Every structure is written in C-alpha cells, then in structure tokens.
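Here are a few exercises to work through with the sequence and the coordinates side by side. Try each one yourself before you read its solution.

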Amino acid sequence: MNLIFLGAPGAGKGTHAARFAERHKLATVSTGELLRSAIKNGTELGKQANVYMQSGDLVPDELVIGIIKERLSEPDCANGFILDGFPRTIKQAEALKALGVSIDRVLNLHVDDEVIVTRMSGRRVCSECGKTYHVLYTPPKKADGICDDCGASLTIRADDAPETVRERLRVYHEKTAPLIAYYENEGILVTVEGREDPDETSKAVFEALE
Ligand code: AMP
C-alpha cells in the first residue's frame with residue numbers, strides 16, 4: 001500500500017501518518033524531516049533548503065524530487081509507504097508519476113486555517129529523533145519537554161512562529177491545494193476532517209483508508 005497524506009502545514013499529517021504506518025507496518029517518508037536532518041548535518045542540500053524553509057517558502061522542486069527519489073529506493077519502502085509532505089506542487093506529483101511510483105490512495109486531511117494557527121503555537125518537536133508532540137493534544141507521557149522515545153529535549157520549530165505559519169498557509173493554498181483536484185481527478189482522493197481530538201481523527205483516518 002502506497003499512500004500520500006495531503007493537508008495544510010499543521011493539519012496533523014505527521015502524527016496520523018506515524019499512527020497509520022505503525023498499524024500497517026509501512027515506512028513513513030517526510031520530506032520536511034529529511035530536509036531538517038540535512039540542515040542539522042550541515043550538508044550542501046541542507047544549506048540550500050534552509051533559506052526557503054526559514055521564510056516559510058517551499059524548497060525548489062528539483063531539490064525535493066532528488067531526495068525523495070533517493071529515499072524511495074531504500075529497502076524499507078519496498079513494502080509500502082506513506083508520503084507526508086510530498087508532493088507539494090503539481091510538478092512534484094508529475095515527477096512522482098514519472099518515477100513509476102504507483103499511489104493507491106491520497107488522504108486529504110482538512111483543517112481550517114484559523115484552527116491551524118492556534119494549534120501550531122503548541123507544537124513541539126524532538127531535537128534528536130524528530131517525533132512531534134503538542135503541549136495540549138499529544139504531550140509527552142514521561143516528562144514535560146522530553147521525548148518519550150529517545151529522551152532528548154523538545155524544541156519549537158523555527159518555522160512554527162505565527163508569521164511564518166501564515167506565510168506557509170498562503171503558500172499551501174497557492175501551490176499545494178491544487179493537488180486536491182488533481183488526485184480527485186485520478187479517483188484516489190479521500191477527505192477526512194481533522195478534529196480537535198487526535199484519537200477521533202485517527203479513527204476517521206483508519207475508517208477512510210481501511
Ligand atoms: P513540513 O515538515 O512537511 O511542514 O515541511 C517543512 C518545510 O520544509 C516546508 O515549509 C518547506 O519549506 C519544506 N518542504 C517540505 N516538504 C517539501 C516539499 N515536498 N516541497 C517543497 N518544500 C518542502
């Protein structure tokens with residue numbers, strides 16, 4: 001099963017992709033995480049991507065298509081995967097098709113913009129493993145500000161600042177939202193409302209895709 005999770009930044013794609021992937025033993029591929037890890041490791045790609053990410057803009061298609069191509073060729077993707085945050089433009093969707101990757105379903109996780117701005121102010125991410133939390137909805141279970149999985153401290157992503165969030169939403173509506181019609185046309189789109197309670201949303205996601 002190969003899936004795409006589509007939705008505005010902060011809609012909860014990462015959280016629900018992780019839950020669905022665990023349940024179905026699928027690999028999760030997040031271009032945002034791959035880019036953040038490139039930045040952390042100081043690679044040339046990371047340096048190029050950082051400028052765009054800091055301002056809330058999309059990283060150029062060529063760079064992202066390059067990293068996704070490499071990642072999808074890794075062995076864990078052979079038994080199915082969820083793409084979280086890719087494609088984000090029609091050009092990226094076309095590139096995915098050109099790679100011969102077949103997609104079974106596209107989940108469109110819908111959340112209103114105002115809800116997203118409020119939600120993102122509580123978002124935290126592990127500085128080591130990248131696992132995401134929310135201070136209200138999905139706080140760490142063991143200790144405040146500490147990752148349950150690896151024990152590292154939780155941080156606020158630089159691009160989760162409110163001004164940057166608004167810019168990311170603007171970019172989402174301009175460049176990514178057209179993918180909803182694109183995949184609807186292909187007959188593989190399913191839309192789920194992202195609710196306040198992540199467990200309710202997970203249930204809806206499972207029902208929609210299983
Ligand atoms: P995310 O973690 O998916 O919210 O991504 C964080 C940032 O990484 C985005 O705001 C973009 O700057 C960049 N990014 C992630 N995925 C893509 C993509 N598919 N195309 C272009 N830029 C991306």
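**Exercise 1.** Which side chain meets that of Lys-40 in a salt bridge?

*Solution.* Keep in mind that the model is a predicted one. Start at the side chain of Lys-40 and look for a carboxyl oxygen within 4 Å of its nitrogen. The search ends at Glu-128, with an N to O distance of 3.9 Å. Next, place both partners: Lys-40 belongs to helix α2, while Glu-128 sits in the loop between β5 (123–126) and β6 (132–134). The two are 88 residues apart, so the pair links distant parts of the chain. Finally, check the surroundings: Lys-40 and Glu-128 are both exposed.

**Exercise 2.** Find the salt bridge between Lys-91 and Glu-62 and classify the accessibility of each partner.

*Solution.* First, the distance from N to O is 2.8 Å. Second, Lys-91 lies in helix α5 (residues 90–98) and Glu-62 in helix α4 (residues 61–72), 29 residues apart. Third, apply the cut-offs: exposed means over 50%, and buried means under 20%. Lys-91 is partly exposed because its relative accessibility is 46%. Glu-62 is exposed because its relative accessible area is 51%.

**Exercise 3.** Are Arg-123 and Asp-160 buried or exposed, and what do they form with each other?

*Solution.* Begin with the pair itself: Arg-123 and Asp-160 form a salt bridge whose closest N and O atoms are 3.0 Å apart. Arg-123 is in strand β5 and Asp-160 is in the loop between β7 (154–155) and α7, so the bridge ties together parts 37 residues apart in sequence. Now take the accessibilities. Arg-123 has 17% and therefore counts as buried; Asp-160 has 5% and counts as buried too. To finish, follow the links outward: Arg-123 and Asp-160 belong to a salt-bridge network that includes Arg-157, Asp-159 and Arg-168. The total for the model is 17 salt bridges.

**Exercise 4.** Describe how helix α2 packs against helix α3.

*Solution.* Step one is geometry: the axes of α2 (residues 31–40) and α3 (residues 44–55) come within 8 Å and cross at roughly 115 degrees. The crossing is left-handed. Step two is the contact list: α2 brings Gly-32, Leu-35, Arg-36, Ala-38 and Ile-39, and α3 brings Leu-45, Gly-46, Ala-49, Asn-50 and Met-53. Step three is to sort these residues by class, which gives six nonpolar, three polar and one charged.

How values were computed:
Residues are numbered from 1 along each chain as its sequence is written. This is a predicted model: local features need pLDDT of at least 70, side-chain atom pairs count only at pLDDT 80 or more; totals for chains, interfaces and linings use all residues. Side-chain values use heavy atoms; hydrogens and water are left out. Axes are lines fitted to C-alpha atoms, for helices over the stretch in contact, and angles run from 0 to 180 degrees between N-to-C directions. Helices (H or I, at least four residues) and strands (E, at least two) are DSSP runs, numbered from the N terminus. A crossing is left-handed if the near helix is turned anticlockwise from the far one by less than a right angle, and right-handed if clockwise. Contact means heavy atoms within 4.5 Å. Ala, Val, Leu, Ile, Met, Phe, Trp, Tyr, Cys and Pro count as nonpolar, Asp, Glu, Lys and Arg as charged, and the others, Gly among them, as polar. Buried means under 20% relative accessible area, exposed over 50%, partly exposed in between (1.4 Å probe, protein chains only).
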